[in-house]
Structure formats: structure tokens, C-alpha cells
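Reader: I have just opened this one and have never looked at it before. Could you walk me through it, taking my questions as they come?
Author: Gladly; have the picture in view and we can start with one small detail and work outwards.

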Amino acid sequence: MSELVFFCGTMDCGKSTLALQIEHNRSARGLVGMIFTRNDRAGQGKLSSRLGLVTDAVEVEDGADLYAHLVDHLSQGRRADYVIADEAQFLDPEQIDQLARVVDDLDLDVYAFGITTDFRSKLFPGSQRLVELADRVEVLQVEALCWCGARATHNARTVGGVMVVEGAQVVVGDVTGSTDEIGYEVLCRRHHRRRMTAATARAAALAPDVLPVSSG
Ligand SMILES: Nc1ncnc2c1ncn2[C@@H]1O[C@H](COP(=O)(O)OP(=O)(O)O)[C@@H](O)[C@H]1O
Ligand SMILES: Cc1cn([C@H]2C[C@H](O)[C@@H](COP(=O)(O)O)O2)c(=O)[nH]c1=O
């Protein structure tokens, strides 16, 4: 029985690496995957991991019909034994419905990978639809960590290291950007709620009023 599986987690927890591993293991056994992505940091039509691996993929455009794409592909006599969709949070809810139809009507496994929530800890529409439709939702086992050492569960957007809560939902970026640009940092819920990033925690620790006061 084919499945729609949603592999989710914070940024930088290894989702794209797992997508590439699934692709590698299946292609090593002669299976052929249809790989979709959208807005990967490595550029259009790429699925990349921070471990340095990258593969070509079909860039999903606005309004693209993923079910129709698969039907066209198969009708031309070309193969697709399974489907991978990375950066699935950026897909429209309709495109997630199309992926579910690929599972049900074309009998192909679909593995979707994405972050569930945005920098304001609100669900991305595509991720919401995946949670609603997936046969299985798997939270990745490799924990990204907050600066405090706790498991990171939330994605913060930063400017100059300071967490921001205003802006567009979609801004492509990384967790290792230069400090004066828009970047991201993964945090535990406690520090996301307090808007306390590594930089602001460091600054607070160095502030004179928290230095030890001499008794003399
Ligand atoms: N230099 C490194 N050595 C070992 N592991 C690394 C290194 N750089 C990144 N990683 C691993 O790669 C993970 C990020 O993988 P990636 O697939 O790009 O994440 P995601 O797609 O979830 O954003 C990190 O959590 C870490 O485990
Ligand atoms: C939190 C958040 C993230 N993004 C972007 C930033 C990255 O380009 C991707 C996540 O990629 P990763 O492989 O999981 O690291 O999403 C965004 O556009 N908006 C957000 O709120």
C-alpha cells in the first residue's frame, strides 16, 4: 500500500539529507524517483543538504499541478517509482492534495520533507495540509539544539542576530548567514517565546547590571 509520509522538523535537522538518502537507497536498487523541490537555497531545480550533497530536481512553480506532471511523465513512457518533495512547506495546499492523489490513484509512495512552522510559529499552509492528509507524520530524530542546549523546536528569523516577528512568511535563508542579514536560528520554545537568540543571550550575559557586584 503506497503512503504519503511527511518528514518534518525544524530548519537544519537533516530533512534534505534524509531525502537524499532515500533517493540514494532507492536508485541503488534500480528505482527511479520524481524529485520535486521549491526555493532550495542552492538554486532553482536543486535539492541540497548542508552536508554538501545535491541532486537535480523539478522546481515546482506557482500553480503547477503535480498530479498532472506525474501523469504526463508516465504517459510518455517514462518511469517514476516514487516521489520526493523537499521544502514542502512552500507548496500550495492544492499541491499537497495532488500529492495525496498521486499516492491513491497512481499507487506511488510520496515522501514530503519540510518545516512545519514559520518564524512566527504559525503553520505553513502546505505543512498544515500535509499534517491533515499524510498517512504518517515523522518528526526527524536528529535534534537541532537551541543555544541553551535544549531541543530546538522553533524557527526564529533574525536580523543582526536579533529575532524579528514582522515580515513575509517566505524569505529563503540559512541558519549560518552573516549577522547583519536576515538569517534564521533554531530555538527551544522557551527562548522563542522570550525572543532570546544566541546573540541577545550573550549580550544580556555581558550587560554590566548582571556582572557580580563587589561587596567592598
Ligand atoms: N560539518 C558537518 N558535519 C557533520 N554534520 C553536519 C555538518 N554540517 C551539517 N551537518 C548536519 O546536517 C544537518 C543539516 O542537514 P540538512 O539536510 O541541510 O537539514 P534540513 O534540510 O533539515 O535543513 C545538521 O543538523 C547536521 O546534523
Ligand atoms: C522559518 C522560516 C523559514 N523559511 C525558509 C528558510 C529556508 O530557505 C527554508 C527552510 O529550509 P531548511 O532546509 O529546512 O533549512 O525556509 C521561510 O521562508 N520562512 C520562515 O518563516
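Reader: Let me begin with a single residue, then: what does Tyr82 stand opposite in β7?
Author: In this model, which is a predicted one, Tyr82 has Asp109 of strand β7 standing opposite.

Reader: And how many bridges join β6 and β7, and in which sense do they pair?
Author: There are 4 bridges between β6 and β7, and the pairing is in the parallel sense. In general, the strands of a sheet pair through backbone hydrogen bonds, in either a parallel or an antiparallel way.

Reader: Where do those two sit in the sheet as a whole, I mean in what order do the strands come?
Author: The sheet is an open one of 6 strands, and reading across it the order is β5-β2-β6-β7-β1-β8, with parallel pairing. At the edges are β5 and β8, the latter covering residues 136-139, and each of these pairs on one side only.

Reader: I'd like to look at β2 next; is it buried or exposed?
Author: Strand β2 spans residues 33-37, and because 5 of its 5 residues are buried, the strand is largely enclosed by the rest of the structure.

Reader: Which residues lie on each side of it?
Author: Gly33, Ile35 and Thr37 are on one side, while Met34 and Phe36 are on the other, and both faces are covered, since all of these residues are buried. As a general point, side chains in a regular strand alternate between the two faces of the sheet.

Reader: What does Phe36 stand opposite in β5, and which residue is its bridge partner in β6?
Author: On the β5 side, Phe36 stands opposite Val58, and in β6 its bridge partner is Ala85. Both pairings of β2 are parallel: the one with β6 (residues 82-85) runs over 4 bridges, and the one with β5 (residues 58-59) runs over 2 bridges.

Reader: Changing topic, where does UniProt place the "active site" feature?
Author: The UniProt record, an unreviewed entry, places the feature "active site" at Glu87. In the model, Glu87 is found in the loop between β6 and α3, a helix of residues 93-106.

Reader: Why does Glu87 count as buried?
Author: Glu87 counts as buried because it has 25 C-beta neighbours inside 10 Å, and the cut-off for that label is 20 or more. Leaving aside residues up to four places away in sequence, Glu87 touches Thr37, Arg38, Asn39, Asp40 and Gly114.

Reader: Then tell me about Gly114; which strand is it in, and which residues does it touch?
Author: Gly114 lies in strand β7, residues 109-115, and with 22 C-beta neighbours inside 10 Å it also counts as buried. Again leaving out residues up to four places away in sequence, Gly114 touches Cys8, Lys15, Glu87, Ala88, Gln89, Gly126 and Ser127.

Reader: I can see ligands as well; which residues come nearest to ligand 1?
Author: Of the 13 residues around ligand 1, the nearest are Lys15, Ser16, Thr17, Ser49 and Arg50. Helix α1 gives the most to this shell, with 3 residues, and by class the shell has 5 nonpolar, 5 polar and 3 charged residues.

Reader: And which come nearest to ligand 2?
Author: There the shell has 16 residues, with Met11, Asp118, Phe119, Asn155 and Val172 coming nearest. The helix α1 (15-27) and the strand β9 (154-159) each supply at least two residues of the shell around ligand 2, which by class comprises 7 nonpolar, 4 polar and 5 charged residues.

Reader: Which domains does the shell around ligand 2 draw on?
Author: It draws at least three residues from each of domain 1 (1-142) and domain 2 (143-206).

Reader: How many residues of those two domains are in contact?
Author: The contact involves 14 residues of domain 1 and 17 residues of domain 2. On the domain 1 side, the touching residues divide into 6 nonpolar, 4 polar and 4 charged. The centres of the two domains, taken over C-alpha atoms, are separated by 26 Å.

Reader: To finish, how many helices and strands does the chain have?
Author: The secondary structure comes to 6 helices and 11 strands, and of the 216 residues in the chain, 35% count as buried. Taken along the principal axes, the C-alpha atoms fill a box of roughly 85 × 30 × 30 Å.

Conventions: Residues are numbered from 1 along each chain as its sequence is written. Chains are lettered from A and ligands numbered from 1 in the order in which they are written. This is a predicted model: local features need pLDDT of at least 70, side-chain atom pairs count only at pLDDT 80 or more; totals for chains, interfaces and linings use all residues. A residue is buried if 20 or more other C-beta atoms lie within 10 Å of its own, exposed if 12 or fewer, and partly exposed in between; C-beta atoms are placed from the backbone. Two strands pair if DSSP finds at least two bridges between them. Two residues are in contact if their C-beta atoms, placed from the backbone, lie within 7 Å. A residue is near a molecule or strand if its C-beta atom, placed from the backbone, lies within 6 Å of it. Ala, Val, Leu, Ile, Met, Phe, Trp, Tyr, Cys and Pro count as nonpolar, Asp, Glu, Lys and Arg as charged, and the others, Gly among them, as polar. Domain bounds come from an automatic or database domain assignment. UniProt positions are given in the numbering used here, feature names are shortened, and annotations may be inferred rather than shown by experiment.
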